[in-house]
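Welcome, and please take a moment to look over the sequence and the model before reading on. The paragraphs below will walk you through it step by step.

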Amino acid sequence: MKEKKRERFNFYLRALKGLSNIYINVGQYNDSMKIEKQIESTNIDELEKYHTWIQQALIYELTSRFDEAKEILTQIITDTPHSLVAVKALGKLCWINRLQGDFNTAATYGDQGIAIVANLREADSDSEDLLKTEASLLSSIAAIYWNKGEFQNAIDFYSRAIYLHKKTTDINFLGTLYSNIGAVYLHMGNSDKAESLFIKQMKFSQKTGNKLGMAMAANNLGVVYIQKNDLDKAVTLNRKALKLAYELGDKFGIESVSINLGSIYLIQACYDRAEKMFFDALAISEKINDKPTQASCYMYIGEFYLETDVMNKARKYLRKAWSDLSSLGDRTYLCVTAGLLAEYGIKKLSRGKTNRKKNIDEIKEFIEKKRRYASEIGAEHENNHADLLEAMLWGKTKTRSVKEIRERFEECSYKYKKMNMLTELGKAYYNYCEFLFLSGESAMGIYKMCERVLKKGKNIHYLSKLERSEEKHKA
């Protein structure tokens, strides 16, 4: 009789846990928390209690209540320092500290988890729970490398996590892993590889009814289609992702999608919408203390003001981004910000209201920093942008012959064309035209090519700039 009661009780627990997971997948976090508290209040053993705490910490994390999550996780590690549930807690602490921009603390937790896993594997190498836990931990560590711009290390850790997870029956998290490794490839400029991985993620999420996964996949695919110059498809996907993110209360998703939509609206010259999206993302990142996203928001806002010629605000936000990203050690966005600060200096140089020598030296310094970061993170397109900035600087300072400058512009344009990066190619052609206009050279051939590329990429912002530039130089 006792065995039957125990069996019924176990079945009841499994049903409650399953329902809790469903609520998490569809964003009903309060309902999930009620169930977890209900499980905790029943007559469960210590191990079950800790697993319930892990789930509660996940809900706190998803609702940005990080201090409460950390408190529970730290207690688990204190109570069971060498157990599998301690590894789960360490993995969560690794992830949360990374989200908050404390990469060193995150890495420490990751290393502690790896050490415990090594001991546990000797005793029970075939346990599905161990495989899933180790895969999750590796994924959290990979994310640290991703933030630091160590892309190959990130890919290696994500690949190991995928290998382990394929040995389990949990396809839900496998979709998330495909998304994460796809994001790395996207930052490396490999949009085709990223697209295939995001499509895999979408299929896994649809199969399991995971709305959070579907939102993430739609957002990521939207970024791919920005790079592939299919802005209509990108907007459709990003709006779908934003709607799902709001339905789920997924603040991290809202941040990410808002930034992507802001970038599209800037290209489409919908400036009020672009500005609103960037500041919406910033407000959320400040509210939930998401320091990496907050720093990247400063960068995107600085870029917006740079593109729209609000120079005092551009400098303010780009400098804030540079300071915060330097503190975080985020080389990926430091690389981009260095380029934007160099571009700011070149624009300032054009206007003549500056200490010319000091400004030129600063521009050169940022170009070299960008080139160094680009080499460290293996981003070919960022290296090419450093070369383009150098060509722009040469054109303004006339420190190279017209032939050399033309060759550099043409080399950069050829590389962007080869990488199928139409947005960047259009910008390269635009700056090439600007140089030709200013140097009195014939720009008609490059102008027509630039106009064609910008129209193909639906880049209304740069089309307007090109037309204004031509009218100005004709006059």
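Let us begin with Tyr-23, which sits in helix H1, the helix of residues 2-25. Keep in mind that the model you are looking at is predicted. Is Tyr-23 buried, exposed or partly exposed? With a relative accessibility of 23%, Tyr-23 counts as partly exposed, because buried residues are those under 20%. Setting aside the residues within four places in sequence, Tyr-23 is in contact with Gln-28, Tyr-29, Asp-31, Ser-32 and Ile-35. For the last of these partners, Ile-35, the C-alpha atom is 9.5 Å from that of Tyr-23, while the two residues are 12 apart in sequence.

Now step back to the whole chain. How many helices and how many strands are there in the chain? There are 23 helices and zero strands. The radius of gyration is 25 Å, close to the 23 Å that the globule rule gives for 475 residues, so the chain is as compact as a globular protein of that length. If you draw a box along the principal axes, the C-alpha atoms fill roughly 95 × 40 × 35 Å. Buried residues make up 55% of the 475 residues in the chain. Contacts tell a further part of the story: of those with a separation of 6 or more, 58% are between residues 24 or more positions apart.

What does the nonpolar interior look like? The largest nonpolar core has 161 residues, and Ile-76 and Phe-409 are the ones with the most contacts inside it. You can take Ile-76 as a place to start: beyond the residues up to four places away in sequence, Ile-76 touches Tyr-50, Trp-53, Ile-54, Val-85, Ala-86 and Ala-89. There is also a second, separate core of six residues, and among them are Leu-13, Leu-16, Ile-35 and Ile-39. You have met Ile-35 already, as one of the contacts of Tyr-23.

Further along the chain, two residues make a friendly pair to compare. Leu-389 lies in helix H19, and Glu-368 has its place in helix H18, residues 356-377. Which of the labels buried, partly exposed or exposed fits Leu-389? Leu-389 has a relative accessible area of 0%, so it is buried. Glu-368, in contrast, is partly exposed, because its relative accessible area of 41% falls between the 20% and 50% limits. Leaving out neighbours within four places in sequence, Leu-389 is in contact with Gly-339, Ala-342, Glu-343, Ile-346, Ile-367 and Lys-370. Between the C-alpha atoms of Leu-389 and Ile-363 the separation is 9.0 Å, with their positions 26 residues apart along the chain. Glu-368 can be placed in a similar way: its C-alpha atom is 9.7 Å from that of Ala-342, a residue 26 positions away along the chain. Ala-342 is also one of the contacts of Leu-389.

Next, look for an open space in the model. The second largest pocket holds about 770 Å³. Which residues are closest to its centre? Of the 29 residues in the lining, these are Ser-350, Lys-396, Tyr-430, Glu-434 and Leu-438. Several helices supply two or more lining residues: H15 (291-307), H17 (331-351), H19 (380-397), H20 (402-418), H21 (422-439) and H23 (460-474). Sorted by class, the lining has 11 nonpolar, six polar and 12 charged residues.

One of those helices, H20, also holds Tyr-414. This tyrosine is exposed, because its relative accessible area of 54% is over 50%. From the C-alpha atom of Tyr-414 to that of Lys-320, 94 residues away along the chain, the separation is 34 Å.

Finally, visit two loops. Ala-269 is in the loop between helix H13 (251-267) and helix H14 (271-287), and Lys-458 lies in the loop between helix H22 (444-456) and H23. What is notable about their backbone angles? Phi of Ala-269 is near 65°, a positive value in a residue other than glycine. For Lys-458, phi is near 55°, again positive in a residue that is not glycine. Ala-269 is partly exposed, with a relative accessible area of 23%, and Lys-458 is partly exposed too, at 38%.

Methods:
Residues are numbered from 1 along each chain as its sequence is written. This is a predicted model: local features need pLDDT of at least 70, side-chain atom pairs count only at pLDDT 80 or more; totals for chains, interfaces and linings use all residues. Side-chain values use heavy atoms; hydrogens and water are left out. On a 1 Å grid over the protein atoms alone, a cavity is a set of points where a 1.4 Å probe fits but cannot get out, and a pocket is an open set with protein on both sides within 12 Å along at least five of seven lines; lining residues have an atom within 4 Å of a point. Grid points are joined across faces, edges and corners, and a volume is the space filled by probe spheres set on the points. Helices (H or I, at least four residues) and strands (E, at least two) are DSSP runs, numbered from the N terminus. Ala, Val, Leu, Ile, Met, Phe, Trp, Tyr, Cys and Pro count as nonpolar, Asp, Glu, Lys and Arg as charged, and the others, Gly among them, as polar. A nonpolar core is a set of buried Ala, Val, Leu, Ile, Met, Phe, Trp, Tyr and Cys residues joined through side-chain atoms within 4.5 Å. Buried means under 20% relative accessible area, exposed over 50%, partly exposed in between (1.4 Å probe, protein chains only). Contact means heavy atoms within 4.5 Å. The radius of gyration is taken over C-alpha atoms; the globule rule is 2.2 Å times the number of residues to the power 0.38.
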